[in-house]
Amino acid sequence: MPLNQDQRNQLKQLPGVDRVIVHGSAGGHFDAIPKSVLIPAIRWAIDRLRETVLHAATPLDAAAFSLDALVEAATRRADRIMAPRLQRTVNATGVVVHTNLGRSLLSPAVLDRLKLISSRYSNLEFDLEKGRRGSRYSAVEDILCELSGARAAMVVNNNAAAVLLCLDTLAKGVEVIVSRGELVEIGGAFRIPDVMAKSGAILKEVGTTNRTHPRDYESAIGEATGMLLKAHTSNYSIVGFTASVALPDLVAIGRRHDLPVMEDLGSGTLVDFSKYGLIKEPTVQESLAAGVDVVTFSGDKLLGGPQAGIILGGPAHIDRIKANPLTRALRIDKMTLAALEATLQLYRDEQDALQHIPTLRMLTLPPSLIQARAAELKTRLEGIGGDRLKVELMDLSSKAGGGSLPLLNLESRCLGVTLAGKSANAMESWLRHHTPPIIGRIESDRFIMDPRTLQEEELDIIEKAFADMLAEETGTQEK
């Protein structure tokens, strides 16, 4: 499209990058901006103004071409470039172990330990007693064995890595028998069959999707068989006409045929949740007591610690796994070790764990506390919203999340918010772009917030966010 005379004149008014730098530097606006960020930010501001000129139906106001305006635009752009991409968010979804929002929260005691170890030298791989190189796994091996009843332990960077490493070590080139009903897929489309293929193990399926019997394993065992694998379906459940082989029965089959039995628990737990009114989930201790040779599970789901893949079992198997060259590629760093050790120490007293590990605390939060928190937030929001903001208390449910306890619906008292003149989708988007972002969910044309996953100080954040949103809406209406 040909340019008109007004556009040609205004394009000539665009300053060079150097002029903007000199002007902004003179006023101290660019003092805290590195040159590697500043120059692209200024170019972006000039290019944006050029594009506006080229597409504007009428000439722009002269103020748009001032050096002050360009300095301000470049500064805002630089601030956005330098802002951390990983942000703290407010989880109002009611999903406790929210994978997209960082899964489990760490307790203050864990954070104190993490800060100390990560900011100072440590005996990560130094044996203080013997005065020579040691193993990093010694930081957590003893306490893992103490809490679980295992005889040996090690940790890698996540549970998928743990499964891969165990199969590569113990079942490479041999058949691993798995029930069809346990060929699970976890987040990000990672599937047990794919992990097995990468490990070099040969998958042999038995049974059907909904029913597998001991005879299915017995008839499938042959000369090429090297392992029996049980994968706990922690992120889904098959109900109705079903049958599966209990772990003790599978262990008995393995013993008869001199085959190791491995269990992938996925979201492993050291706490029997059924004691607290929740759905029964097999514990790590129960798996080991059943005689399983190797068990793997996540550190950042129901355990409530950092991302890690925990491997427990007997010394013969664990020593072989530790010696696998893949171990170095999958090992965890000092910060993960520090956080995991501090989290595990809380489990020495189960009541301490329930009180101080945020994941456990939120899962077992009494309904009375949720009700009180919902009522307080409702009062706060109604105090700032006038007639336009409507807040209802709604009986809805929370979720464990993170591929854990799929059938568990936790009763909760949620807030359903509507704002006159603003849709629930628009409200959700506004709050998602707030600093810090507030993440909720939409149901029945309402923005829903579940107090179960809100931390105490976050009520202030939500109150201020809604006050800012209302003030912005009021200003827009007045204009």
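This is a dialogue on reading the features of a predicted model.

Trainee: Where should I begin with the sheet, and in what order do its strands lie?

Mentor: A sheet is best read strand by strand from one edge to the other. In this predicted model, seven strands form an open sheet in the order 4-12-11-10-9-5-8, with mixed pairing. Strand 4 and strand 8 (202-206) stand at the edges, and because each has a single partner strand, one side of each is left without a neighbour in the sheet. From one strand to the next, the twist averages 25 degrees.

Trainee: Which strands are joined to strand 12, and how do they run?

Mentor: The bridges between strands give both the partner and the direction. Strand 4 (residues 152-156) is joined to strand 12 by five bridges, and the two run antiparallel; strand 11 (residues 294-298) is likewise joined to strand 12 by five bridges, again antiparallel. You can follow this pairing residue by residue, since Gly309 of strand 12 stands opposite Val156 and is also the bridge partner of Ser298, while Gly313 of strand 12 stands opposite Val294.

Trainee: Is strand 12 buried or exposed, and which way do its residues point?

Mentor: Burial is read from relative accessible area, and a residue counts as buried under 20%. Five of the five residues of strand 12 (residues 309-313) are buried, so the strand is largely enclosed by the rest of the structure. Gly309, Ile311 and Gly313 point one way, whereas Ile310 and Leu312 point the other way, and all are buried.

Trainee: Which helices lie against this part of the sheet?

Mentor: Here one asks which strands a helix touches and at what angle its direction stands to theirs. Helix 6 packs on the sheet, where it touches strand 4 and strand 12, and its direction makes about 120 degrees with that of strand 4. Helix 12 (residues 315-323) lies across strand 4, strand 11 and strand 12, and runs at about 30 degrees to strand 4.

Trainee: How many residues of strand 9 are buried, and what does the strand pair with?

Mentor: Strand 9 (residues 225-231) is mostly covered, with seven of its seven residues buried. Three bridges join strand 9 to strand 5 (residues 175-179), in parallel, and the bridge partner of Val176 is Met227 in strand 9. Four bridges join strand 9 to strand 10 (residues 261-266), also in parallel, with Leu228 standing opposite Val261 in strand 10.

Trainee: Which residues touch the most other members of the largest nonpolar core?

Mentor: A core can be read through its most connected members. Of the 55 residues in the largest nonpolar core, Leu228, Leu312, Leu344 and Tyr347 touch the most other members. Helix 6 (residues 138-148) supplies the largest share of this core, five residues. Another core, of 27 residues, lies apart from it, and Ile192, Leu229, Ile311 and Ile321 are among its members. For Leu228, contacts beyond four places in sequence include Ile177, Tyr217, Leu250, Pro260 and Met262.

Trainee: How do I read helix 14, and what do its buried residues pack against?

Mentor: A helix can be checked by its length and then by its surroundings. At 1.5 Å a residue, the 13 residues of helix 14 (residues 334-346) should span 18 Å, and the end C-alpha atoms are 19 Å apart, which agrees. Its buried residues include Thr336, Leu337, Leu340, Thr343 and Leu344, and the buried residues of this helix pack against helix 5 (108-119), helix 6, strand 4, strand 12 and helix 15 (350-356).

Trainee: How many disulfides are there, and why is Cys166 not bonded to Cys145?

Mentor: A disulfide is a covalent bond between the sulfur atoms of two cysteines. A search of the whole structure finds zero disulfides. The closest cysteine sulfur to that of Cys166 is in Cys145, and because it is 14 Å away, it is too far for a bond. Cys166 is buried, with a relative accessible area of 0%, and Cys414 also counts as buried at 0%.

Trainee: Where does Val96 lie, and what is it in contact with?

Mentor: A loop residue deserves the same reading as one in a helix or strand. Val96 lies in the loop between strand 1 (90-91) and helix 5, and it is buried, with a relative accessible area of 3%. Leaving aside neighbours within four places in sequence, its contacts include Asn91, Arg103, Thr359, Met362, Lys399 and Arg452.

Definitions and conventions: Residues are numbered from 1 along each chain as its sequence is written. This is a predicted model: local features need pLDDT of at least 70, side-chain atom pairs count only at pLDDT 80 or more; totals for chains, interfaces and linings use all residues. Side-chain values use heavy atoms; hydrogens and water are left out. A nonpolar core is a set of buried Ala, Val, Leu, Ile, Met, Phe, Trp, Tyr and Cys residues joined through side-chain atoms within 4.5 Å. Buried means under 20% relative accessible area, exposed over 50%, partly exposed in between (1.4 Å probe, protein chains only). Contact means heavy atoms within 4.5 Å. Two strands pair if DSSP finds at least two bridges between them. Axes are lines fitted to C-alpha atoms, for helices over the stretch in contact, and angles run from 0 to 180 degrees between N-to-C directions. The expected span of a helix is 1.5 Å times one less than its number of residues. A disulfide is a pair of cysteine sulfur atoms within 2.5 Å.
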